[in-house]
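Here is a short report on charged side chains and where they sit. Keep the structure in view as you read.

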Amino acid sequence: MGRGGDSGAGPTVKADASLSEVTRDDSKSINVVLYGKRVDVSKFQKSHPGGSKVFRIFQDRDATEQFESYHSARAIKMMEGFIKKSEAAPVTTPLPSEGEIGVDFKAMIAKHKAAGLYEPCPLDELFKLTIVLAPIISGLYMVKTGTMPFAGAMAAAFGFYLDGWLAHDYLHHSVFKGSVAKTVTWNNAVGYFLGFVQGYDVGWWRARHNTHHVCTNEDGSDPDIKTAPLLIYVRGNPKIAKALNWFQRFQQYYYVPVMAVLDVYWRLESIAFVAMRMPKMLPQAGALVAHYALLLWCFQGQMGLMFQMMLARGFLTGIVVFATHYGEDILDAQDVVGMTLVEQTAKTSRNITGGWLVNVLTGFISLQTEHHLFPMMPTGNLMTIQPDVRAFFTKHKLEYREGNLIDCVKQNIKALAFEHLL
């Protein structure tokens with residue numbers, strides 16, 4: 001992969017190493033390649049909003065497309081002088097962003113920006129906020145007053161489920177645009193608020209999700225695909241199949257029902273994240289206490305129903321999340337170093353078909369390919385660009401993966417199956 005070992009700087013990564021071998025050493029410099037320049041980003045390790053892990057992953061690796069896709073125009077401009085002063089990358093460094101696909105992709109981004117597709121529609125955002133808050137408020141009211149409590153619990157579960165997708169939009173800075181205050185402060189404020197509404201401090205989620213986006217399905221680097229020991233994706237590998245223990249050999253059968261526990265798991269993970277950072281995160285702890293105080297008040301005497309609400313929400317979220325990445329290719333270090341962002345997305349993402357209604361009911365996460373290519377674009381505009389993305393994939397002979405939700409679930413089950421390999 002990179003050449004950190006050549007200069008004695010940064011984490012040592014052998015050319016044929018697994019990305020899991022990348023180790024942290026903050027005392028050494030870390031260099032990423034941007035626009036053909038080898039840029040020392042060591043001083044940004046503690047301040048970088050996306051965390052420092054991404055720097056180590058992209059040690060001496062072309063990160064131009066990721067940099068452009070996940071930063072505002074203002075942030076990119078702020079780095080221009082810093083990049084110009086940097087030395088040119090070694091001639092042996094792969095620069096996929098400067099190849100045919102990379103150049104065409106940059107042109108497509110410019111086309112969409114010129115068409116105003118990075119600007120949000122206020123009515124669309126208001127609609128999404130309404131379908132999140134309305135079922136939560138009405139559902140909790142129905143539970144508290146005893147008016148169809150089960151229906152109310154399920155309505156609240158659905159609202160919390162959609163809340164997760166909407167918080168996701170804001171935390172990708174895809175809603176408020178303009179100044180730093182709007183792009184960062186307001187998006188983060190609303191995103192964190194929506195996180196607390198559903199019972200999460202989104203700090204733990206961001207630490208994982210930012211990395212997932214820039215190195216999707218990269219072995220040892222993408223934290224979102226670490227599902228062991230509960231789920232071990234075999235993907236036709238006999239060696240992995242033979243290593244499964246007795247319990248794991250039932251995974252293709254318990255895969256669907258186990259999705260229901262995810263909300264409880266994520267709640268506990270979020271609480272642990274905050275607890276381990278006390279007293280620094282005292283305000284976040286207070287927000288979580290307020291969330292659970294409200295739930296306990298509404299579900300007083302109906303704790304079993306509250307747990308059912310969490311199981312329903314977990315199932316809805318899990319079945320959609322796992323459908324779009326987990327059954328796809330897992331990439332090694334030697335696979336990704338010369339790939340463009342588009343090529344990597346083509347191998348690691350799958351859309352859920354079904355049109356506008358399915359897109360709304362999945363928080364537009366169903367358009368996973370488009371979202372990973374244009375993460376800061378308002379999700380309501382992803383349908384508009386879908387024909388362009390399809391044409392782009394066809395032109396460059398890339399596979400555009402998609403299927404209905406049932407087909408996507410089957411794809412995951414197929415990736416978990418092992419009997420035929422023994």
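The text below covers salt bridges and one exposed lysine.

This is a predicted model. Side chains of opposite charge can pair when their charged atoms come close. The count here comes to 18 salt bridges. Three of them are listed in the table.

| Salt bridge | N to O distance |
|---|---|
| Asp388 and Lys111 | 2.9 Å |
| Glu125 and Lys128 | 3.4 Å |
| Arg350 and Glu328 | 2.6 Å |

Take Asp388 and Lys111, which form a salt bridge. This pair links distant parts of the chain, 277 residues apart. Asp388 lies in helix H19 (residues 382-395), and Lys111 in helix H5 (residues 100-114). Asp388 has a relative accessible area of 26%, so it is partly exposed. Lys111 is partly exposed too, at 48%.

Glu125 and Lys128 sit in one helix, H6 (residues 122-145). They are 3 residues apart, about one turn of the helix. Both residues of this pair are buried.

Now look at Arg350 and Glu328, which meet in a salt bridge. Their pair also links distant parts of the chain, 22 residues apart. Arg350 is in the loop between helix H16 (341-348) and strand S4 (351-352). Glu328 is in the loop between helix H14 (303-325) and helix H15 (333-336). Both are buried. Shared partners join Glu328, Asp329, Arg350, Glu399 and Arg401 into one network of salt bridges.

Is Lys242 buried or exposed? Its relative accessible area is 57%, so Lys242 is exposed. Lys242 lies in helix H10 (residues 238-243). Lys242 and Phe418 are 176 residues apart in sequence, yet their C-alpha atoms are 8.2 Å apart in space.

Technical notes. Residues numbered from 1 in each chain as written. Predicted model: local features only at pLDDT ≥ 70, side-chain atom pairs only at ≥ 80, totals over all residues. Heavy atoms only, no water. Helix = DSSP H or I, 4+ residues; strand = E, 2+ residues; numbered from the N terminus. Buried < 20%, exposed > 50% of the residue type's maximum accessible area, 1.4 Å probe, protein only. Salt bridge = Lys/Arg side-chain N within 4 Å of Asp/Glu carboxyl O.
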